[in-house]
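Thank you for asking me to look over this structure with you. My remarks are set out as numbered points, to be read with the structure open beside them.

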Amino acid sequence: MKVIKFGGSSLASAEQLEKVLHIVKSDKERRFVVVSAPGKRHAEDTKVTDALIRYYREYVAGNDIKKHQDWIINRYGDMVNELGLKPTVLEQIAKSFRSLATLPIENNPFLYDTFLAAGENNNAKLVAAYFNQNGIASRYLHPRDAGIFVTNEPGNAQILPSSYDKIEELRDSDEVLVIPGFFGVTKDNQICTFSRGGSDISGSIVAAGVKADLYENFTDVDGIFAAHPGIIKKPKSIKELTYREMRELAYAGFSVLHDEALIPAYRGQIPLVIKNTNNPSHPGTKIVLDHSEEHLPVVGIAGDNHFTSIEISKYLMNREVGFGRKVLQVLEDLNIRWEHLPTGIDDLSIVLRDNELTPIKEQEILRQLTQKLEVDSATINHGFSIIMLVGEQMKSRIGVTARATKALSDNNINISMMSQGSSEVSIMFVVKEEEEKAAIKALYQAFFEEEL
């Protein structure tokens, strides 16, 4: 039994929907289909979700909304007409989109989520109708009816553990169930979305809930590559990854799969495979609990930018009980999340994302560090990138770090910081943003182009 999720590019047009139909028809084990909102048909096109954001903004501002409604409805109308679906399908979809402009604006924290979720919700109706018309007995299922109940956190919903018992009941369905991704419902029946890109999360939740044998995530690429194709020309494809390796790569910039989507499937021990809607015969990349065969020590290299470092020095810091807690308390009081914490005996660095800081927060951090914690020096430096070297087999191979640092040194790339967790799944290098691409190229050459 398989759960299959299609991304926005896979559902962007009638032509793409025909491919989706053939994929689902080709395997009777594909019984649960989770869908995103239609994506771009071409480079200059607009995603339906982005159009819904504009619609929402004009509505709450009290401006004319007709052109936004018409654009979205016509986008679905084009697919309905090209697929030869009954006019009643579009009538139902149009009514749903227009009804958004009747919702209360004041004291409605879920309004934005309700607007955004309409893209996925109405696409699921269209896909189910298309399947039924073409020989697949299927049924549209709202997340409420599927049992996907979530916390009251607009834009950052979390699945309630009690939901899984309800979702498991879907196993008995004789029809292919088409479920909109990206959102669930609260106990008060409010629409609440996962973080952006959350259709991956929905698919993972359904897969874990029905105890699927496989969760297939269809995108527009042949799985995952060892490095970003925009930086490395024709990088090697990765046949198999563990969940821990994928988590590290997703964190550091691999955008093929939403990193939060790994959690439900991982906890449910459901294998996941990333495949290409435009090339379904390609085996893609499988994500598993443990490798099924011997692997190279490094499976992938990822980079992400826009990081800031808070540099703190205080003599005999290591002898001061509670010093680290006090430093982190300063950040917590300012509602700031940190990412990494490399340390020395008298030095401490806190790496965080740029968007966590404002000029006012920076001034307050420095004030508290110097006045309350009496540090010898404190500075905030911007413009860093993080490079992650990832592979579970690194811990059993001697010389991986030496090989990496030599590759960076040979290319005149300075390492500002480096860190490795106790699991030894990844090694993190912090470099200046302008050296990020050069660093990835140097590491890729060292671990994938040179003979190991």
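The points below take up salt bridges, a sheet and the helix that packs on it, and a few single residues.

1. Before anything else, please keep in mind that this is a predicted model, and that residues are counted from 1 along the chain as the sequence is written.

2. The structure holds 19 salt bridges, and a good one to begin with is the pair formed by Arg 139 and Glu 175, whose closest N and O atoms lie 2.8 Å apart. This pair links distant parts of the chain, since Arg 139 belongs to strand E3 (residues 138-140), while Glu 175 sits in the loop between helix H7 (163-168) and strand E4 (176-180), 36 residues apart. Arg 139 is partly exposed, with a relative accessible area of 35%, and Glu 175 is likewise counted as partly exposed, at 30%.

3. A second salt bridge joins the side chains of Glu 169 and Lys 166, with an N to O distance of 3.9 Å. For Lys 166 the relative accessible area is 37%, so this residue counts as partly exposed.

4. In helix H12 (residues 359-371), Glu 364 and Arg 367 are three residues apart, which means that about one helical turn separates them. These two residues form a salt bridge in which the closest N and O atoms are 2.7 Å apart. Glu 364 is partly exposed at 24% relative accessibility, and Arg 367 is partly exposed at 34%. Elsewhere, Arg 41, Asp 45, Arg 75 and Asp 78 are joined into one network by salt bridges that share partners.

5. Which strands stand at the edges of the sheet? The sheet in question is open, has five strands in the order E14-E13-E15-E17-E16, and shows antiparallel pairing. Strand E14 (347-353) and strand E16 (417-420) stand at its edges, and because each has a single partner strand, one side of each is left without a neighbour in the sheet. From one strand to the next, the twist averages 35 degrees.

6. Within this sheet, strand E13 (residues 300-313) and strand E15 (residues 377-390) run antiparallel and are joined by 11 bridges; as a landmark for your eye, Ser 309 stands opposite Asn 381 in E15. Helix H14 packs on the sheet, where it touches E13, E15 and strand E17 (426-432), and the direction of H14 makes about 125 degrees with that of E13.

7. Helix H14 covers residues 436-449 and includes Glu 449, a residue that counts as exposed at 54% relative accessibility. Although Glu 449 and Pro 235 are 214 residues apart in sequence, their C-alpha atoms are 9.7 Å apart in space.

8. Is Phe 182 buried or exposed? This residue, which lies in the loop between E4 and strand E5 (183-185), has a relative accessibility of 4%, and it is therefore counted as buried. Its backbone also deserves a look, as Phe 182 has a positive phi of about 85 degrees although it is not a glycine.

9. Glu 374 is another residue other than glycine with a positive phi, in this case near 55 degrees. The loop between H12 and E15 contains Glu 374, and at 55% relative accessibility this residue counts as exposed, whereas Phe 182 is buried.

How values were computed:
Predicted model: local features only at pLDDT ≥ 70, side-chain atom pairs only at ≥ 80, totals over all residues. Heavy atoms only, no water. Salt bridge = Lys/Arg side-chain N within 4 Å of Asp/Glu carboxyl O. Helix = DSSP H or I, 4+ residues; strand = E, 2+ residues; numbered from the N terminus. Buried < 20%, exposed > 50% of the residue type's maximum accessible area, 1.4 Å probe, protein only. Pairing = 2+ DSSP bridges. Axes fitted to C-alpha atoms, helices over the stretch in contact; angles between N-to-C directions. Contact = heavy atoms within 4.5 Å.
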